[in-house]
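Here is a short briefing to read alongside the structure. It goes through the open and enclosed spaces, then a helix pair, then two sheets.

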Amino acid sequence: MAAAEVEKTPMLVVAFDFGTTFSGYAFATLNDYKTNPLSISTYTWATGSQTGMSLKTPTCILFDPDENFVAFGKDAEDKYTELAQEDNHIGWHYFRRFKMNLYKHQDMPRDLTIDDDLGKPMLAMKVFSESIKFLKNHMMTELTKRNILEHALLQPDEIQWVLTVPAIWSDAAKQFMRESAVKGGVRNTQLILALEPEAASVYCKHIPNELKVAGGQTTIDALSPGTKYLILDAGGGTIDITVQEVQSDESIKQLYMANGGDWGGTKVDLAFEHFLEEFAGKPALKIFREEDKGGHLDLQREFEIKKRTIKSDQKGKLTIRVPVSLREAHKKVLGRDLQSNDLAKLDKDKLRLESSAAKDMFAEPCDYIVSHLQKIFDDPKVKGTDTVLMVGGFSESVVLQHAVKKAFPSKIVIIPPEAGLAVLKGAVQFGFDQTVISTRVCKVTYGIESSSPFDEGKDPEDKKFIDEDGDVLCRGRFSKHVEIGQSVRIDEEIKEQIYSPVSSDQTSMAVNVWTSTNKNPRYTDERGCSLHGKISVELPDSKLGVCRDVGVKMIFGKTELEVKAIVKHTGKSTAAKFDFLR
């Protein structure tokens with residue numbers, strides 16, 4: 001369950017963009033925000049002698065053999081590379097690009113484990129919480145250095161913490177991130193989650209209207225009231241797509257429920273690994289990865305840098321430095337030197353790729369994204385949507401930009417300045433004004449498993465039972481609260497549903513929450529239905545037996561589901577909370 005929001009306006013908002021490939025934080029004081037909403041501070045990270053400085057650091061974390069935290073970001077990369085070069089990395093736990101594990105596990109246990117670089121499992125909650133703890137402590141140190149805490153005379157309860165999550169994530173994944181952040185030292189009552197494409201949209205509302213669009217520089221009123229626009233949030237791991245409309249009061253209404261998939265920039269990295277497998281052979285590449293861990297990490301870093309320079313009209317070759325150990329591994333397996341071919345020429349420690357080979361690595365994710373966008377534009381609900389807003393790190397790829405512009409020549413394609421920081425900076429702005437997103441669209445039908453009066457001739461006999469009062473009921477009924485595709489305001493409480501305990505001595509009631517991909521399911525065991533989680537409700541005054549009706553209201557319009565429960569005979573609230581983790 002989402003924590004209660006901070007009632008008063010926060011004096012400081014801190015946002016964490018915990019990405020698949022890179023992570024960072026940003027912050028702004030209330031005075032900064034009121035003076036200029038774009039006055040948002042970030043931290044500049046050192047990324048190594050080859051690449052200089054960056055506003056984000058790699059999402060990597062290192063633990064020692066006893067699972068004690070050692071380093072995060074570039075420092076984790078460097079330390080693990082150093083250990084691997086000395087062959088001392090065995091037993092250490094190095095995690096890279098681990099965020100995608102929460103997308104892969106829709107049915108998520110609280111004790112979920114994920115494998116480190118050497119295939120050894122660790123509790124995912126510890127990996128995530130220690131990562132967030134590092135970012136939080138690093139940020140607090142930076143605030144102290146800048147004298148912001150003392151200058152603003154901040155109290156601990158005047159800080160609003162914001163954590164970004166993909167809009168396509170499950171409720172369980174969102175809860176997992178919230179609990180990880182709390183274990184990492186963030187106060188639950190002061191933490192909100194921001195959906196990544198929405199945060200980017202908030203940021204783009206504040207940037208100047210003079211933007212680079214398809215064909216050059218022009219002046220447009222991009223996000224004026226009445227404008228419908230599609231947000232393509234292309235990150236390292238996931239692609240988040242949603243369609244929104246600016247309302248007359250400047251708030252933002254979601255028109256099309258968030259969707260997407262795991263087709264981010266890391267798919268290009270995967271294509272490069274496949275290219276190497278074909279070039280050097282799978283057995284040789286396997287030996288290279290295992291025997292020269294440091295060399296493989298260096299190669300991954302090198303490609304991460306070079307892939308950003310690949311253009312859609314690439315003419316020249318792409319040069320990538322390759323460790324000599326790859327050639328040695330090939331010779332060890334096949335007994336001969338690694339040979340050049342039509343697509344790649346090897347010259348000492350440099351691999352020179354033909355432009356066609358470099359561009360082909362983008363083909364699969366770009367084709368998927370364009371195809372998915374086409375399906376959305378064909379939907380009647382988004383008619384009149386002529387603007388595409390490209391944000392996220394992968395959106396900075398000119399290859400992806402070209403693919404989108406070529407596929408949709410009639411659309412205005414906007415790539416805002418610092419597209420890779422749009423989510424992070426927008427999350428800070430969202431922390432000051434969470435009402436800016438006024439309406440969201442439900443991704444599934446939500447309901448409660450309940451027992452209702454048995455309908456003879458309609459309900460199956462095997463679902464019939466008689467309760468303590470002698471009433472004939474049907475078990476396993478899907479009591480719908482909200483349906484798929486329904487627009488819900490952020491402050492809208494869905495019609496109250498009444499539930500009663502089954503036995504007189506119950507002190508609490510666990511209400512199962514179900515979802516369905518259908519609009520009007522009748523039973524929870526229908527196709528398309530699945531157990532989603534539960535609501536725990538406290539039941540006072542057991543002297544009344546089963547006659548203790550509780551009214552349950554779910555609130556769907558926020559970034560996390562919320563629930564309210566009222567004991568009907570007293571009119572008083574009773575404790576209730578969601579739990580989506582097994």
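## Pockets, packing and sheets

The lining of the second largest pocket is made up of 13 charged, nine nonpolar and six polar residues. Please keep in mind that this is a predicted model. The points below start with that pocket and move on from there.

**The second largest pocket**

- The space in this pocket comes to about 980 Å³.
- Its lining counts 28 residues, and the closest to the pocket centre are Arg96, Arg97, Lys104, Leu270 and Gln300.
- Two or more lining residues come from each of these elements: strand S9 (93-96), strand S10 (113-115), helix H3 (101-104), helix H8 (266-280) and helix H10 (293-306).

**Cavities**

- How many cavities of 30 Å³ or more does a search of the whole structure find? There are three.
- The largest cavity has a volume of about 250 Å³.
- It is lined by 20 residues, of which Lys174, Val441, Lys443, Phe556 and Lys558 are the closest to the centre.
- Helix H6 (171-183), helix H7 (196-206), strand S18 (252-261) and strand S24 (437-441) are the elements that each supply two or more residues to the lining of the largest cavity.
- By class, the lining of the largest cavity holds ten nonpolar, seven charged and three polar residues.

**A helix pair: H13 and H14**

- Two packed helices are described by the angle between their axes and the distance between the axes.
- For helix H13 (residues 363-377) and helix H14 (residues 398-407), the axes come within 10 Å and cross at roughly 35 degrees.
- The crossing of H13 and H14 is right-handed.
- On the H13 side, the contact uses Cys366, Ile369, Val370 and Leu373, which meet Val399, Leu400, Ala403, Val404 and Ala407 in H14.
- Which classes of residue make up the contact of H13 with H14? Nine are nonpolar, with no polar and no charged residues in the contact.

**The sheet of six strands**

- This open sheet runs in the order S26-S27-S25-S30-S31-S35, and its pairing is antiparallel.
- Strand S26 (464-466) and strand S35 (576-579) are the edge strands, each pairing on one side only.
- From one strand to the next, the twist averages 40 degrees.
- At one edge, S26 runs antiparallel to strand S27 (residues 472-482), and three bridges join the two; Lys464 stands opposite Cys474 in S27.
- Further along the order, strand S30 (residues 508-516) and strand S31 (residues 529-538) pair over nine bridges in the antiparallel sense, with Ser508 opposite Glu538 in S31.
- S31 is also joined to S35, again antiparallel, by four bridges; the bridge partner of Lys534 is Asp579 in S35.

**The sheet of three strands**

- A further open sheet has three strands in the order S19-S21-S20, with antiparallel pairing.
- Why is one side of strand S19 (318-321) and of strand S20 (344-347) left without a neighbour in the sheet? Both stand at the edges and each has a single partner strand, so one side of each has no neighbour there.
- On average, neighbouring strands of this sheet are turned by 20 degrees against each other, with direction ignored.
- Strand S21 (residues 350-353) runs antiparallel to S20, and four bridges join them; Ala344 has Leu353 in S21 as its bridge partner.

How values were computed
Residues are numbered from 1 along each chain as its sequence is written. This is a predicted model: local features need pLDDT of at least 70, side-chain atom pairs count only at pLDDT 80 or more; totals for chains, interfaces and linings use all residues. Side-chain values use heavy atoms; hydrogens and water are left out. On a 1 Å grid over the protein atoms alone, a cavity is a set of points where a 1.4 Å probe fits but cannot get out, and a pocket is an open set with protein on both sides within 12 Å along at least five of seven lines; lining residues have an atom within 4 Å of a point. Grid points are joined across faces, edges and corners, and a volume is the space filled by probe spheres set on the points. Ala, Val, Leu, Ile, Met, Phe, Trp, Tyr, Cys and Pro count as nonpolar, Asp, Glu, Lys and Arg as charged, and the others, Gly among them, as polar. Axes are lines fitted to C-alpha atoms, for helices over the stretch in contact, and angles run from 0 to 180 degrees between N-to-C directions. A crossing is left-handed if the near helix is turned anticlockwise from the far one by less than a right angle, and right-handed if clockwise. Contact means heavy atoms within 4.5 Å. Two strands pair if DSSP finds at least two bridges between them.
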